[in-house]
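Here are a few exercises to work through with the model open next to you. Try each one before you read its solution.

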Amino acid sequence: MKPYPVTVIDFQDLFPTDEACYGYLQILRWSGGFVCPHCSHGGAWKMKKGVHRCKDCRRDVSVTAGTIFQGTRTPLRLWFQAIWYAVNQKHGVSALGLQRILGLKSYETAWVWMHKLRTAMVRPGRDRLHGLVEVDETLIGGPKPGKRGRGASGKVLALVAVEDREGTKQKGIGRIRFKVIPDASGPALKDAIAEMTEPGSTVRTDGWKGYNGLKEKGYEHIVVQHEEEEPGCDPTPLVHRVASLLKRWLLGIHHGRVAASHLHYYLDEFTFRFNRCRARSRDKLFYELIRQALMADPAPLKSLKSA
Ligand SMILES: [Zn+2]
């Protein structure tokens with residue numbers, strides 16, 4: 001059997017009980033062998049519910065400590081089912097959909113779970129984009145259709161970066177990144193680009209002056225000017241394609257009801273899906289999300305809500 005479930009039968013075979021789920025987390029988290037975080041001893045007894053008891057200092061160490069599962073009162077199997085469901089819906093799930101399919105009593109629980117999963121979707125220290133990268137800002141959400149990004153209010157401004165693989169073996173759109181930015185000023189744009197894109201890459205933008213000075217930051221810079229006399233000409237078509245997919249997704253799955261302060265969670269989910277669902281490793285989505293859930297911070301309710 002594969003080390004991760006591909007079909008629902010695999011899922012049931014791998015995770016018949018809560019203990020099986022804890023066992024799975026232990027394998028993923030302590031694949032190199034258990035080491036006690038208190039005394040660095042390597043030996044431990046396996047207790048119930050994913051707890052290892054150190055043979056030296058006798059302290060208990062839970063496999064869920066410091067992960068998004070920390071302190072959960074829900075059976076782990078239900079968590080696994082939520083993750084299974086979330087990764088297998090092509091376009092993702094809303095909190096309401098998750099509540100319905102798992103039979104959760106409260107909407108709030110479903111909402112918190114989805115947000116915890118979204119925090120796990122950003123791989124800590126993930127790679128930056130490289131090669132030829134198209135970059136542009138887009139406005140997301142808000143009640144009114146705003147004018148061209150820079151300076152409009154009531155919406156969230158995000159920088160979108162898209163790998164352009166045309167002319168390489170893979171072709172078309174590569175990986176994407178989003179970053180919420182305070183404004184379209186030069187420093188905000190260049191900080192975001194540096195966070196999302198490997199130095200040495202070629203960055204393609206429109207003629208906005210905020211992008212001036214990318215060369216000094218270690219990037220090749222291609223500027224595509226707007227052609228005033230050609231209204232159909234689009235200097236950043238890839239970004240616009242990705243941004244319109246994102247907006248359709250926000251409307252379709254979440255009915256556009258996303259608070260501006262929470263938008264970055266949704267951007268993370270969209271990015272995770274976009275970058276993985278097109279990869280050949282689609283089967284590994286479940287495995288990858290569990291692995292990342294073990295690396296992510298516990299993200300308690302308070303910090304989620306105040307975000
Ligand atoms: Zn110990």
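**Exercise 1.** Work out the strand order of the three-strand open sheet, and say which strands stand at its edges.

*Solution.* Keep in mind that this is a predicted model. Start with the order, which is β1-β2-β3, with antiparallel pairing. Next, look for strands with a single partner: β1 (44-46) and β3 (60-62) fit, so one side of each is left without a neighbour in the sheet. Now zoom in on one pair. β1 and β2 (residues 51-54) run antiparallel and are joined by three bridges. Within that pairing, lysine 46 sits opposite histidine 52 of β2. Finally, check the twist: ignoring direction, neighbouring strands here are turned by 30 degrees against each other on average.

**Exercise 2.** Do the same for the open sheet of five strands, then find out what α6 touches.

*Solution.* Trace the order first: β6-β5-β4-β7-β8, and the pairing is mixed. The edge strands are β6 and β8 (220-223), each with a single partner strand, so each has one side without a neighbour in the sheet. From one strand to the next, the twist averages 25 degrees. For a closer look, take β5 and β6, an antiparallel pair joined by six bridges. Alanine 158 has valine 180 in β6 as its bridge partner. Then add the helix: α6 packs on this sheet and touches β4, β5, β6 and β7 (202-205). The direction of α6 makes about 135 degrees with that of β6.

**Exercise 3.** Track down the largest nonpolar core and say which elements supply it.

*Solution.* This core holds 32 residues, and those with the most contacts inside it are Val135, Val160, Ala161, Val162 and Val242. Now map the core onto elements. At least two residues each come from β4 (132-140), β5 (156-164), β6 (173-180), α6 (186-196), α7 (237-254) and α8 (263-277). β5 is the top contributor, with six residues. Pick valine 162 as a test case: beyond four places in sequence, its contacts are Val133, Glu134, Ile173, Ile176, Leu238, Val239 and Val242. There's also a second, separate core of 29 residues, with Phe80, Val87, Val93 and Leu98 among them. As a general backdrop, nonpolar side chains in soluble globular proteins tend to be buried together.

**Exercise 4.** How are α5 and α9 oriented, and which residues make their contact?

*Solution.* Fit the axes of α5 (residues 107-121) and α9 (residues 285-295): they come within 8 Å and cross at roughly 90 degrees. Angles of 65 to 115 degrees count as roughly perpendicular, and the two helices are therefore roughly perpendicular to each other. On the α5 side, the contact is made by Leu117, Ala120 and Met121; on the α9 side, by Leu289, Gln292 and Ala293. Sort these by class and you get five nonpolar, one polar and no charged residues.

**Exercise 5.** Is glutamine 225 buried or exposed, and which residues is it in contact with?

*Solution.* Place it first: glutamine 225 is in the loop between β8 and α7. Then count: 9 other C-beta atoms lie within 10 Å. The cut-off for exposed is 12 or fewer, so glutamine 225 is exposed. Leaving aside neighbours within four places in sequence, glutamine 225 is in contact with Gly207 and Pro235. Last, try a distance: from glutamine 225 to threonine 236 is eleven residues in sequence and 9.8 Å in space, C-alpha to C-alpha.

Key. Residues are numbered from 1 along each chain as its sequence is written. This is a predicted model: local features need pLDDT of at least 70, side-chain atom pairs count only at pLDDT 80 or more; totals for chains, interfaces and linings use all residues. A nonpolar core is a set of buried Ala, Val, Leu, Ile, Met, Phe, Trp, Tyr and Cys residues joined through C-beta atoms within 7 Å. A residue is buried if 20 or more other C-beta atoms lie within 10 Å of its own, exposed if 12 or fewer, and partly exposed in between; C-beta atoms are placed from the backbone. Helices (H or I, at least four residues) and strands (E, at least two) are DSSP runs, numbered from the N terminus. Two residues are in contact if their C-beta atoms, placed from the backbone, lie within 7 Å. Two strands pair if DSSP finds at least two bridges between them. Axes are lines fitted to C-alpha atoms, for helices over the stretch in contact, and angles run from 0 to 180 degrees between N-to-C directions. Angles under 35 degrees count as roughly parallel, over 145 as roughly antiparallel, 65 to 115 as roughly perpendicular and the rest as oblique. Ala, Val, Leu, Ile, Met, Phe, Trp, Tyr, Cys and Pro count as nonpolar, Asp, Glu, Lys and Arg as charged, and the others, Gly among them, as polar.
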